[in-house]
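Welcome! Here is a short tour for anyone meeting this structure for the first time. Have a look at it below, and then we will go through it topic by topic.

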There are 2 protein chains.
Amino acid sequence: MRSTMMRYPLVLPRALERAETLYADREIVSRLGDRSLHRYGYGAMAGRARRLADALRKAGLKPGERVGTLMWNHHIHLEAYFGIPGAGGVMHTLNLRLQPDELAFIASHAGDRVLIVDDVLLPLARQFVERTGIEKVVVARISDEPTPDGYEDYESFIADGDPAQPLFEPEDEFTPSSICYTSGTTGRPKGVAYSHRALMLHAMCLGMKDGWDLGQTDAAMPIVPMFHVNAWNFPYASTLVGAKQVLPGPHLDPESLLDLMAGEGVSITGAVPTIWFAVVDALRAEPGRWALPPGMRVIVGGASPPPALLRALDSLGTVPIHGWGMTETTAGATMAHVKPEMADWPRERVLDLFTERHLPVPLVEVRVVGDEGEAPWDGAAMGELQIRAPWVAAGYHDAPGSEDRWTDDETGSGGGDGWFRTGDVANIDAAGFVKICDRTRDLVKSGGEWISSQDLENAIMGHPDVKEAAVIALPHPKWGERPLACVVPRAGAKIDAEDLAARLAAEFPKWWLPDAYEFIDEVPKTSTGKVQKTALRERYADWRWEG
Amino acid sequence: MRSTMMRYPLVLPRALERAETLYADREIVSRLGDRSLHRYGYGAMAGRARRLADALRKAGLKPGERVGTLMWNHHIHLEAYFGIPGAGGVMHTLNLRLQPDELAFIASHAGDRVLIVDDVLLPLARQFVERTGIEKVVVARISDEPTPDGYEDYESFIADGDPAQPLFEPEDEFTPSSICYTSGTTGRPKGVAYSHRALMLHAMCLGMKDGWDLGQTDAAMPIVPMFHVNAWNFPYASTLVGAKQVLPGPHLDPESLLDLMAGEGVSITGAVPTIWFAVVDALRAEPGRWALPPGMRVIVGGASPPPALLRALDSLGTVPIHGWGMTETTAGATMAHVKPEMADWPRERVLDLFTERHLPVPLVEVRVVGDEGEAPWDGAAMGELQIRAPWVAAGYHDAPGSEDRWTDDETGSGGGDGWFRTGDVANIDAAGFVKICDRTRDLVKSGGEWISSQDLENAIMGHPDVKEAAVIALPHPKWGERPLACVVPRAGAKIDAEDLAARLAAEFPKWWLPDAYEFIDEVPKTSTGKVQKTALRERYADWRWEG
């Protein structure tokens with residue numbers, strides 16, 4: 001017996017068509033380079049995305065070929081999100097914060113043939129394009145400057161495209177539509193190639209009440225860059241449900257962001273903690289200047305926020321939702337949601353829980369595997385977090401030797417479809433809340449026991465005069481490794497190391513306490529805002545412990 | 001280039017596993033035959049579903065073979081929802097309101113090998129089982145009576161099953177998991193075989209804000225029978241998100257339902273209009289007896305509700321959500337949602353719109369095709385509603401000759417994957433709201449023009465003394481067809497036909513007005529509560545128009 005259901009593939013053109021027919025006038029608002037706001041509806045956006053698709057085909061792009069984007073978050077980037085896969089191409093979002101050498105490597109490795117680049121980013125593009133196989137550069141103008149000679153202007157490029165031509169329809173929903181390289185604090189960056197199916201399913205998940213509860217009435221502002229894991233899938237999910245989109249362009253200062261939130265009625269937004277620290281500071285510095293939309297959901301991801309940040313966001317009338325995900329998990333895989341039995345918990349207790357623990361969203365499976373196999377869900381037993389879902393990577397693009405990031409296949413379906421080994425150390429409590437304790441390589445192993453650098457950092461950042469902190473493991477002749485705390489004081493503040501040590505002693509076992517405190521100007525970060533502990537370890541490579 | 005995403009199939013065991021690990025104690029509450037309430041959590045439910053799966057395998061069930069269920073809505077039926085596909089079987093939900101002849105035909109046509117039946121329904125089962133290929137009858141006890149001799153008791157049957165045995169894992173998510181026959185007001189009933197994929201995707205859709213917004217914090221009560229289109233997918237969607245489930249068993253009187261709503265904190269429930277009429281009457285008859293959970297979403301489906309019903313539900317503090325769907329669309333395909341631009345509409349205007357119009361939910365495509373091809377979205381041009389989605393049928397099980405229910409394939413994917421022709425006549429307005437004007441066969445074609453019997457019925461039912469109404473087309477020597485209004489007055493009320501005619505004259509063109517009014521005791525209905533116009537047409541087959 002066979003089922004009688006349609007073999008209806010889950011492909012991105014369905015999301016675009018739905019938005020352009022049901023939500024033709026629903027706005028997409030973009031802040032351009034000159035700070036002006038560009039506005040149009042899904043109808044116009046879709047028409048231009050279709051033009052782009054046809055223009056790319058006419059320019060010779062073949063199905064499966066890669067088109068790079070080097071752009072901020074704005075409407076043209078959104079058109080590329082649909083126009084490139086709509087031509088059968090694979091969109092390769094290039095991280096504009098990377099060094100030219102890294103961009104040259106990534107664009108070559110992915111095999112990009114065309115590049116669409118913001119005019120304001122041309123100086124960066126010029127530093128790597130010639131070292132790649134990119135044959136054509138199309139320039140999106142978001143400033144007042146004319147397009148330099150020798151480059152094709154995006155507007156004239158898509159003018160040749162016929163919006164009446166049908167979009168590319170993959171027969172197989174596993175066909176790739178975009179690729180993103182991991183920021184890779186170690187080793188070469190590796191490419192994760194997303195399929196139409198994975199992005200559509202993840203978009204549905206974000207539309208679920210137990211995902212982001214994203215719907216047509218929302219106004220969604222991804223501050224997280226569109227070159228980073230498809231902006232956590234904000235663009236595809238928003239289009240699928242017809243939400244208004246607010247795209248901040250290159251202006252990521254807190255004042256510009258707050259102007260958009262208040263002015264455009266943003267109901268859901270997402271960014272890394274660094275952005276939210278700045279936003280909270282700006283709000284506190286000028287109380288009353290911005291009227292934030294009440295109940296605005298603030299997705300905090302990309303790095304672990306200290307408890308004080310969630311409390312500050314909560315006290316400002318927003319609803320902070322901390323999530324966890326990776327490039328390999330199409331972003332959001334666990335989300336901070338209140339379970340029914342927590343309904344009468346005081347808010348403070350909920351926020352404390354959410355700082356460290358989140359629930360897997362529907363269709364995401366998690367487990368923790370330690371030295372002795374799968375760890376019990378007891379909130380204590382630590383091991384590597386492993387994950388499975390329809391939107392989790394089963395491999396990297398053209399990266400032989402990386403197979404050890406997946407477990408042996410125990411689903412029986414073959415092809416490396418086991419569990420993805422996240423490299424994060426975690427535990428799961430009895431209610432199913434996952435706590436990421438640390439990156440495997442960030443744990444401190446002292447005398448054979450693990451110390452969580454993240455727990456120490458959060459406690460140090462609880463000190464009112466501390467702006468940021470990073471705890472790193474340094475080699476120790478007796479204990480193997482011992483923790484060093486690198487602390488950034490707030491501007492003008494003076495911190496006493498003994499005072500810090502006393503705070504930590506009240507909270508942690510004695511052998512967890514950092515053996516030394518270094519006061520530094522800033523914590524080094526990767527291009528995506530993640531703390532770069534390798535840089536700190538290098539700085540203190542010659543460290544000698546006293547005593 | 002290939003995508004690097006997992007080939008992770010969408011199959012029902014994933015929903016069950018999620019509920020049993022994350023929501024082991026979340027309650028499933030069932031009203032049994034003796035009115036007592038049975039309670040347990042997803043952990044216990046899943047264990048018993050696993051036992052059932054293994055017991056069915058031990059009893060010789062092979063993958064793809066059918067197991068019938070003849071049961072009310074309760075926990076054992078829910079166990080069958082997971083246990084039968086968990087054995088690799090296909091659950092065939094039998095409609096307990098059908099006649100024994102129809103049940104014999106359907107169970108034979110589907111090829112049911114095993115039947116799980118409520119003890120209280122054994123008298124019905126005895127009337128058809130011997131005429132089918134059913135080899136084994138397992139009796140679920142929901143009354144105080146012992147299981148009669150000669151039948152296997154469900155409890156002893158599953159006691160032989162080992163809950164540690166893994167559930168059946170289809171490699172192909174298109175594998176069938178359940179089958180349901182259309183109630184078929186014309187012709188033989190036809191079977192729609194749902195796939196794991198279709199049910200999982202539709203469950204995700206119901207979890208979306210723009211679907212039912214179903215989540216872990218909800219308490220969901222399907223009053224719509226579990227034998228009818230998988231109770232509109234309430235059971236699978238609720239399990240996927242870990243919602244509390246409240247199952248009313250055989251007690252569908254309004255008092256019993258209201259006791260459950262108030263007592264169990266039901267936040268979302270669904271039933272046909274007939275049920276809601278009775279519930280509204282009961283609430284009005286005894287104001288203050290029940291404290292309904294504030295904001296309870298009331299899904300109204302299966303038939304078109306008159307405006308007065310939605311207004312009554314709204315005024316009682318619930319949120320009525322009228323939806324439309326069919327057996328062939330895995331139920332809910334369009335849903336009454338407020339679009340952003342309607343945010344400041346008065347509630348009255350919204351309810352008026354929702355009475356007739358609804359938006360397609362995410363991933364559902366609609367179009368209206370008239371004699372001259374696809375009709376414009378202008379809110380006027382009528383034609384047949386056609387639909388596509390991952391959870392829409394592409395055919396019927398073993399029903400040669402039914403291919404004309406699908407259009408030619410224009411997706412290029414072959415295999416009859418065109419659009420499903422619903423047989424409903426509809427128009428779509430510029431905002432994308434679909435109005436079902438009538439069943440094709442219920443339209444009145446007078447002098448070459450269409451008259452919507454449904455619009456007339458709604459207007460007649462707006463009369464305070466009218467309980468129900470059905471308008472049918474009868475042959476007319478001059479006009480081809482003319483409308484006859486069959487009207488059921490409220491108890492004790494006396495209605496003047498001229499008064500009715502005057503009301504309609506204010507609202508419709510003269511040629512739409514019924515040529516005669518018949519006052520009848522009740523409107524004949526099918527087993528699923530749908531108005532059976534064929535029966536009325538037969539009753540008036542000898543009708544002669546006056547003058």
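A good place to start is chain B, where seven strands make up an open sheet with mixed pairing, in the order E7-E6-E5-E3-E4-E8-E9. Please keep in mind that this is a predicted model. The points below begin with that sheet and then move on to other parts.

**The sheet in chain B**
- At the edges of the sheet you will find strand E7 (152–153) and strand E9 (191–195) of chain B, each of which pairs on one side only.
- Strand E8 of chain B, covering residues 176–181, runs antiparallel to E9(B), and five bridges join the two.
- To see this pairing up close, look for Pro176(B), which stands opposite Ser195(B) in E9(B).
- Packed on the sheet is helix H7 of chain B (residues 196–207), which touches both E8 and E9 of chain B. The direction of H7 makes about 75° with that of E9(B).

**Where chains A and B meet**
- Chain B brings 58 residues to the contact, and chain A brings 58 residues as well.
- On the chain B side, helix H1 (12–22), E9, H7 and helix H9 (234–241) each supply at least two residues. E9 and H7 of chain B are thus named both here and in the packing on the sheet.
- The residues on the side of chain B that touches chain A comprise 30 nonpolar, 16 polar and twelve charged ones.

**The largest nonpolar core**
- This core has 300 residues, and the members that touch the most others are Ile116(A) and Ile116(B).
- Leaving aside residues up to four places away in sequence, Ile116(A) touches Val67(A), Thr69(A), Met71(A), Ala80(A), Val138(A), Ala140(A) and Tyr154(A).

**A helix with buried residues in chain A**
- Helix H13 of chain A spans residues 347–356, and its buried residues are Leu351(A), Phe354(A), Thr355(A) and Glu356(A).
- Among the elements that cover these buried residues of H13(A) are helix H12 (307–315), strand E14 (319–326), strand E16 (357–360) and strand E21 (434–439) of chain A.

**Two domains in chain A**
- Chain A is divided into domain 1, made of 365–385 + 396–439, and domain 2, made of 443–539.
- The C-alpha centres of domain 1 and domain 2 of chain A are 27 Å apart.
- Four residues from domain 1 of chain A and five residues from domain 2 of chain A take part in the contact.
- On the domain 1 side of chain A, the residues touching domain 2 are three nonpolar, no polar and one charged.

Methods: Residues numbered from 1 in each chain as written. Chains lettered and ligands numbered in written order. Predicted model: local features only at pLDDT ≥ 70, side-chain atom pairs only at ≥ 80, totals over all residues. Domains from an automatic or database assignment. Contact = placed C-beta atoms within 7 Å. Nonpolar A, V, L, I, M, F, W, Y, C, P; charged D, E, K, R; others polar. Core = buried A, V, L, I, M, F, W, Y, C linked by C-beta atoms within 7 Å. Buried ≥ 20, exposed ≤ 12 C-beta atoms within 10 Å, placed from the backbone. Pairing = 2+ DSSP bridges. Helix = DSSP H or I, 4+ residues; strand = E, 2+ residues; numbered from the N terminus. Axes fitted to C-alpha atoms, helices over the stretch in contact; angles between N-to-C directions.
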